[in-house]
Amino acid sequence: MLLKQYKDHFFDSLQNIQDEHEIESFFFILTEYLHHLKRVDVALNPTFQLSEAEVEKWNIILSELQEEKPIQYITGEAWFYGLRFEVNENTLIPRPETEELVAWILNSSSTQHPSPNTILDIGTGSGCIPIALKANVPQANVSAIDISEKALEVAKRNAELNKVAINFIQADILEVEDLSQISNSKLPIPNSQFPTNFDIIVSNPPYVRNLEKQEIKKNVLDYEPHLALFVEDTDALLFYRKIAQLALKNLSPNGLLFFEINQYLGKETVELLQNLGFKNIELKKDIYGNDRMVKSEK
């Protein structure tokens, strides 16, 4: 079968699930993934022939896409801030809104902390935030915490893939009373380089309430790790409160705390930080016009 013939079948099979732009994006991601053919190569090779085995591979992937499995989990990779990351079912797929958060951190650190020496990411998942920060601030000592050992295995591979050194620590942040305890604790991944104070702390913690599940698309709800997504309705700011309390103890003077937040809880998150005594609190919208991130200063 010609690849261009399969393309027609591919589009017809997905037209009731995705819009045409998304289907086209999927198709060319897969031509590169399966055949190392970029869009221009496909255009220049109209007679490119698929073997029976290759058609079978396409059919398997097509059936997964019809079940709305994320394309990133099919190819096993995602791009974030110009860097390639491995992703799987143990990690969230990096999102454009989080790229905006990284850009804000880098812009703020260049003006308020021209040379941040220590950075901590809490709830690191694939490691996209600390790796992107380390790649852009190579002199910084960058650390990252996650409760999931499997997620940390992915994050470690991503650090190696992108040739940066990150201090990865496995810990349940809700059980930590002071970040300075971590270096001396009997954690599965102890690290003597873990600092006791940080110029920047950042977190994209679980923030989707159960009551919002009906808004979540099938490709997220059925495939991405719920541990990294959801929080109980009765205490939706649990992680923000805990991390902010730790930041009061472990941020350097005038250190910065950044959060990615639930778009419906911007006001509440700002009030939480105000009540804890943070200053210069700023709520920022994402590219879609939603309240998505907060910056505050110790």
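# A tour from Leu62 to helix α11

Start by selecting Leu62: its relative accessibility is 4%, so Leu62 counts as buried (under 20% relative accessible area, where exposed is over 50% and partly exposed is in between, with a 1.4 Å probe and protein chains only). You're looking at a predicted model, in which local features need pLDDT of at least 70, side-chain atom pairs count only at pLDDT 80 or more, and totals for chains, interfaces and linings use all residues. Residues are numbered from 1 along each chain as its sequence is written, and side-chain values use heavy atoms, with hydrogens and water left out.

Leu62 sits in helix α4, residues 52-66 (helices are DSSP runs of H or I, at least four residues, and strands runs of E, at least two, numbered from the N terminus). Now show what touches it. Apart from neighbours within four places in sequence, Leu62 is in contact with Tyr6, His9, Phe10, Ser13 and Leu14 (contact means heavy atoms within 4.5 Å).

Next, bring up α1 beside α4. Their axes come within 10 Å and cross at roughly 15° (axes are lines fitted to C-alpha atoms, for helices over the stretch in contact, with angles from 0 to 180 degrees between N-to-C directions). That makes α1 roughly parallel to α4 (under 35 degrees; over 145 is roughly antiparallel, 65 to 115 roughly perpendicular, the rest oblique). On the α4 side, pick out Val55, Trp58, Asn59, Leu62, Leu65 and Gln66; from α1, add Leu3, Tyr6, His9, Phe10, Ser13 and Leu14.

Keep α1 (residues 3-14) and add α2 (residues 20-35): these axes also come within 10 Å, crossing at roughly 140°. That makes α1 oblique to α2. Here α1 contributes Leu3, Lys7, Phe10, Phe11 and Leu14, while the α2 residues in the contact include Ile23, Phe27 and Leu30. For a quick distance check, Phe27 and Leu62 are 35 residues apart in sequence and 9.8 Å apart in space, C-alpha to C-alpha.

Last stop: helix α11, residues 266-276. Select its buried residues, Gly266, Thr269, Val270, Leu272 and Leu273. Looking down the axis of α11, you'll find them within an arc of 155°, so they line one face of the helix (the arc is that of the directions from the helix axis to the C-beta atoms). Among the elements covering them are α10 (238-250), β9 (251-260), β10 (279-285) and β11 (291-297). Flip to the face turned away from the buried side, and there are the exposed Lys267 and Asn275. Just after α11 comes Gly277, with a positive phi near 100°.
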